Amino acid sequence: MKIYNTLTRRKEEFVPIEEGKALIYICGPTVYNFIHIGNARPMVVFDTLRRYLEFRGYQVKYVQNFTDVDDKIINKAREEGVTAPEISERFIKEYFDDADALNVRRADVHPKVSQHIGDIIKFVKTLIEKGYAYEADGDVYFSTRKFPEYGKLSGQNIDDLEAGARIAIGEVKEDPLDFALWKAQKSEDEIAWNSPWGKGRPGWHIECSTMARKHLGATIDIHAGGEDLQFPHHENEIAQSECCNGVPFAHYWMHNGFITIDKEKMSKSKGNFFTVRDIRKSFSGEEIRFFLLAGQYRGPIDFSPEHMAQARAGLERIANCAKDASFIKANGADGEMTEAEVATVAGFGAYRDAFIEAMDDDLNTADAITAVFELVTAINTGLRGKPTKAYAEKSLAALKELTGVLGLLEQTADEGIDEEIQKLVDERQAARKARDFARADAIRDELKARGITLKDTPQGVQIIKE
């Protein structure tokens, strides 16, 4: 597999630190509100990366943090008259509600900043002892110029950065380029912990360096997140981690592109800001996931109702194939596959190979989905006429293998048909036999209004829940 490494600006073969294993750290959300569609993209993209590496035989350890100590959380708590932990815990629960809808699997570890204060203090103390950080009036800052490679991830030139750097009111750092590792408590209602430098809390960047080392080690295989995190967050992580640990922080850096809204940057001020929770009122989580995977992850994608409708249609095509195959698996002809079916199944390998080739090329989910569509076309051709149960079973297995890597068709399982619906279906069949087509059509329309579609096939009536 080849991965585009932001650090080197080129695609590189993925060679893990330890053969057969992959250590991955993903920057998670700051939990003070519902996640928006931009937050959802790295969640879905890198969940798919994890699934694919597992599909290829890797043992993956996947860590995604929650930033539960932050100015935004403190301000939200003040607005509502509650504590910062109450805010963060509420929105962690809301995060998992959206993540489950998007079929994003739980990470192996979901560390929180508040649970790693001791580790963070030790990390900061080491940086001070090594001469890379200093304390000033209860704050601790990293000496950016003491890391000669600063800017290597984002391509920033330190002289250009210096020209635009400013020291904010209340800051007492020695250099405008220095950044905070520890912040002194400013008021009694701010969440804070005791430290060698007085009561305070961690800066933003130090948390990920500390938690990555704690749960994955000093050097990890892949660090990933949104494009907006390249600078300063990831750049600062590299500086403080490599100065503290004395070894490279991450071998591969992956960043997903932005999401635009009708080709404009998403922002609350423009009124084009959409949370996943709001989008779920009109589209399912799987449809959102399909939309997010339909483009190459490094490029921008444009969110609009029209594009979401296209995603719905694309997912529906795949889901209908799976439903048809499931129906035939239960109701098709017994016995061995026909020669034509054997030949069709033998051809499934070509679509699987095309899928792997696409995913091996820097997680090209767009081309991988094309391979899935081609498999769907082949399966549907074989499902015409009087297919065997054996053919349907192998078709369904081939389709579910690939959609499972993409995290799709996980919420389309048959929930069963209740007794009332089944009675109406049976009554319709009896009406058809009695040539009472008016009653049969009336029942079909009634079921349609309830979200039930009836499909007449040579194997019987297929009941499809919309």
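With a relative accessible area of 40%, Arg450 comes out as partly exposed in this predicted model. Its side chain forms a salt bridge with Glu446, and the closest N and O atoms sit 3.0 Å apart. Glu446 is likewise partly exposed, at 30% relative accessibility.

That pair is part of a longer tally: the count comes to 35 salt bridges. Another of them joins the side chains of Glu54 and Arg105, at 2.9 Å from N to O. Glu54 belongs to helix α1 (residues 37-55) and Arg105 to the loop between α3 and α4, so this salt bridge ties together parts that are 51 residues apart in sequence. Glu54 is partly exposed at 28%, and so is Arg105 at 32%.

Asp97 and Arg280 make a salt bridge too, with 2.7 Å between the closest N and O atoms. Here the link runs from helix α3, home of Asp97, to the loop between α8 and α9, where Arg280 sits 183 residues away. Asp97 has 34% relative accessibility and counts as partly exposed; Arg280, at 28%, does as well. Elsewhere, Asp71, Arg78, Lys183, Asp189, Glu190 and Arg201 are linked in a network of salt bridges.

Glu207, in helix α6 (residues 204-216), is another story: Glu207 is buried but has no salt bridge, and the nearest side chain of opposite charge, Arg201, is 8.5 Å away. What Glu207 does have is a 2.4 Å polar contact with the side chain of Thr67. Beyond its neighbours within four places in sequence, Glu207 is in contact with Asn65, Thr67, Val113 and Ile120.

Helix α9 (residues 285-293) is largely enclosed by the rest of the structure, because nine of its nine residues are buried. Among them are the charged residues Glu286, Glu287 and Arg289.

How values were computed. Residues are numbered from 1 along each chain as its sequence is written. This is a predicted model: local features need pLDDT of at least 70, side-chain atom pairs count only at pLDDT 80 or more; totals for chains, interfaces and linings use all residues. Side-chain values use heavy atoms; hydrogens and water are left out. Helices (H or I, at least four residues) and strands (E, at least two) are DSSP runs, numbered from the N terminus. Buried means under 20% relative accessible area, exposed over 50%, partly exposed in between (1.4 Å probe, protein chains only). A salt bridge is a side-chain nitrogen of Lys or Arg within 4 Å of a carboxyl oxygen of Asp or Glu. A polar contact is a pair of N or O atoms within 3.5 Å; within protein, one must be able to donate a hydrogen and the other to accept it, and residues adjacent in sequence count only if both atoms are side-chain atoms. Contact means heavy atoms within 4.5 Å.
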